[in-house]
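Please open the model in your viewer and keep the sequence panel beside it. The tour moves from the whole chain to single residues, with something to select at each stop.

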Amino acid sequence: MPNIKSSIRSVKTDAERRAKNAAVKSKIRTAARKTVEAVQAGAVEEAKQALVHATSVIDKAASKGVLHKNTAARKKSNLAAKVNAL
C-alpha cells in the first residue's frame, strides 16, 4: 500500500476504472459469443441482429477508451465476416 497521498488516491481510482472496464469488456465478450452461437446454429436473422448489437457495444467501448479503435474495428470485422459467411 502506498504512503503518498496522491498514490493512495490513484490506487483507489485505478480500482474503480478497472472494475468499470471489466464490466464493459464482459458485455463485449457476451455480445460476440451470442453472435457466434447464432452463426453456428445457422439462424441468419438472429445472427444479423446479434451482429448489430455487438457492433453497437464494441463502438461504445471504443468511444469510451476501453478498447483501442483498431481493436474494435478488428473485432467488428471478424464478427461481420462470420455472419456474412452464412
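Begin with the whole protein chain selected: of its 86 residues, 22% count as buried, where buried means under 20% relative accessible area, exposed means over 50% and partly exposed lies in between (1.4 Å probe, protein chains only). What you see is a predicted model, in which local features need pLDDT of at least 70 and side-chain atom pairs count only at pLDDT 80 or more, while totals for chains, interfaces and linings use all residues. Residues are numbered from 1 along each chain as its sequence is written, and side-chain values use heavy atoms, with hydrogens and water left out.

Now switch to a cartoon view, where the protein chain shows three helices and zero strands, helices being DSSP runs of H or I with at least four residues and strands DSSP runs of E with at least two, numbered from the N terminus. Read from the N terminus, the elements follow the order α-α-α. The radius of gyration of the protein chain, taken over C-alpha atoms, is 17 Å, well over the 12 Å that the globule rule (2.2 Å times the number of residues to the power 0.38) gives for 86 residues, so the chain is more spread out than a compact globule. Turn the model to view its principal axes, along which the C-alpha trace spans about 55 × 20 × 15 Å.

Next, select residues 5-41, which form helix α1. This helix has 37 residues and reaches 54 Å from its first C-alpha to its last, close to the 54 Å expected at 1.5 Å a residue (1.5 Å times one less than the number of residues). Within α1, colour Val 24, Ile 28, Ala 31, Thr 35, Ala 38 and Val 39, which are buried. The buried residues of α1 pack against α2 (44-64) and α3 (69-84).

Zoom in on Thr 35 in α1. Is Thr 35 buried or exposed? At 1% relative accessibility, Thr 35 counts as buried. Leaving aside residues up to four places away in sequence, Thr 35 touches Ala 47, Ala 50, Leu 51, Ala 54, Leu 79 and Val 83, a contact meaning heavy atoms within 4.5 Å.

Then select Ala 23, also in helix α1, which counts as partly exposed at 42% relative accessibility. Draw a C-alpha to C-alpha distance from Ala 23 to Ser 10, and the two, 13 residues apart in sequence, are 20 Å apart in space.

Finish at Gly 42, just after α1, where the residue takes a positive phi of about 85 degrees.
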